[in-house]
Amino acid sequence: MKALNIVSLLILILGGLNWLVIGLFEYDVVSEIFDGQDSVGAKIVYIIVGLAALYSLSFFAKVSSED
């Protein structure tokens with residue numbers, strides 16, 4: 001389970017950095033790698049980042065139980 005938490009966090013960090021680059025420079029790294037936002041590869045990456053975000057919602061329960 002710890003490995004899944006680390007992978008999820010890593011995916012979220014990479015997704016967040018992509019959004020930072022989009023916000024600052026209007027350059028989408030994922031769409032450049034996969035030749036457009038509508039490509040299957042880019043959609044898969046966006047779905048994986050979204051699933052990692054949904055999974056990370058469970059971290060709130062862990063953090064609140066530690067206090």
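**Ser56**

I looked up Ser56 and found it buried, since its relative accessible area is 10%; buried means under 20%, exposed over 50%, and partly exposed in between, with a 1.4 Å probe and protein chains only. This is a predicted model, in which local features need pLDDT of at least 70 and side-chain atom pairs count only at pLDDT 80 or more, while totals for chains, interfaces and linings use all residues. Residues are numbered from 1 along each chain as its sequence is written, and side-chain values use heavy atoms, with hydrogens and water left out.

Ser56 sits in helix 3. I take helices (H or I, at least four residues) and strands (E, at least two) as DSSP runs, numbered from the N terminus.

Which backbone oxygen does the side chain of Ser56 reach? That of Ala52, at 2.8 Å. The pair was taken as a polar contact, that is, N or O atoms within 3.5 Å; within protein, one must be able to donate a hydrogen and the other to accept it, and residues adjacent in sequence count only if both atoms are side-chain atoms.

I then listed contacts, meaning heavy atoms within 4.5 Å. Not counting residues up to four places away in sequence, Ser56 touches Ser8 and Leu12.

**Ala52 and Val49**

Ala52, the partner of the Ser56 side chain, is also placed in helix 3. I noted Ala52 as buried because its relative accessibility is 7%. With residues up to four places away in sequence not counted, Ala52 touches Ser8, Ile11 and Leu12. The C-alpha atoms of Ala52 and Leu12 are 6.4 Å apart, with the two positions 40 residues apart along the chain.

Val49 is in helix 3. Buried or partly exposed? Val49 counts as partly exposed, because its relative accessibility is 22%. Val49 touches Ile11, Leu12 and Gly15, again not counting residues up to four places away in sequence. I also took the C-alpha separation of Val49 and Asp28, which are 21 residues apart along the chain, and got 14 Å.

**Helix 1**

I checked the length of helix 1. At 1.5 Å a residue, its 24 residues should span 34 Å, and the end C-alpha atoms are 34 Å apart, so the two agree. The expected span is 1.5 Å times one less than the number of residues in the helix.

Which residues did I note as buried in helix 1? Asn5, Ser8, Gly15 and Asn18.

I followed up Asn5, which is in helix 1. Asn5 touches Tyr55, Phe59 and Lys62, not counting residues up to four places away in sequence. The C-alpha atoms of Asn5 and Phe59, 54 residues apart along the chain, are separated by 8.6 Å.

Asn18 is in helix 1. I list Asn18 as buried because its relative accessibility is 8%. Leaving aside neighbours within four places in sequence, Asn18 is in contact with Asp28, Val29, Val30 and Tyr46.

**Largest pocket**

I looked up the largest pocket next and found about 240 Å³ of space in it. On a 1 Å grid over the protein atoms alone, a pocket is an open set of points with protein on both sides within 12 Å along at least five of seven lines, the probe being 1.4 Å; lining residues have an atom within 4 Å of a point. Grid points are joined across faces, edges and corners, and the volume is the space filled by probe spheres set on the points.

The lining includes Asn18, Val29, Val30 and Tyr46, and also Ile11, Gly15 and Val49. Helix 1 (2–25), helix 2 (29–33) and helix 3 (40–56) each supply at least two lining residues. Which helix gives the largest share? Helix 1, with six residues.

By class, I have 10 nonpolar lining residues, two polar and no charged. Ala, Val, Leu, Ile, Met, Phe, Trp, Tyr, Cys and Pro count as nonpolar, Asp, Glu, Lys and Arg as charged, and the others, Gly among them, as polar.

**Loops**

Glu26 is in the loop between helix 1 and helix 2. I noted a positive phi of about 55° for Glu26, although it is not a glycine. Glu26 counts as exposed because its relative accessibility is 74%.

Asp35 lies in the loop between helix 2 and helix 3. Its phi is near 65°, a positive value in a residue other than glycine. I entered Asp35 as exposed, since its relative accessible area is 72%.
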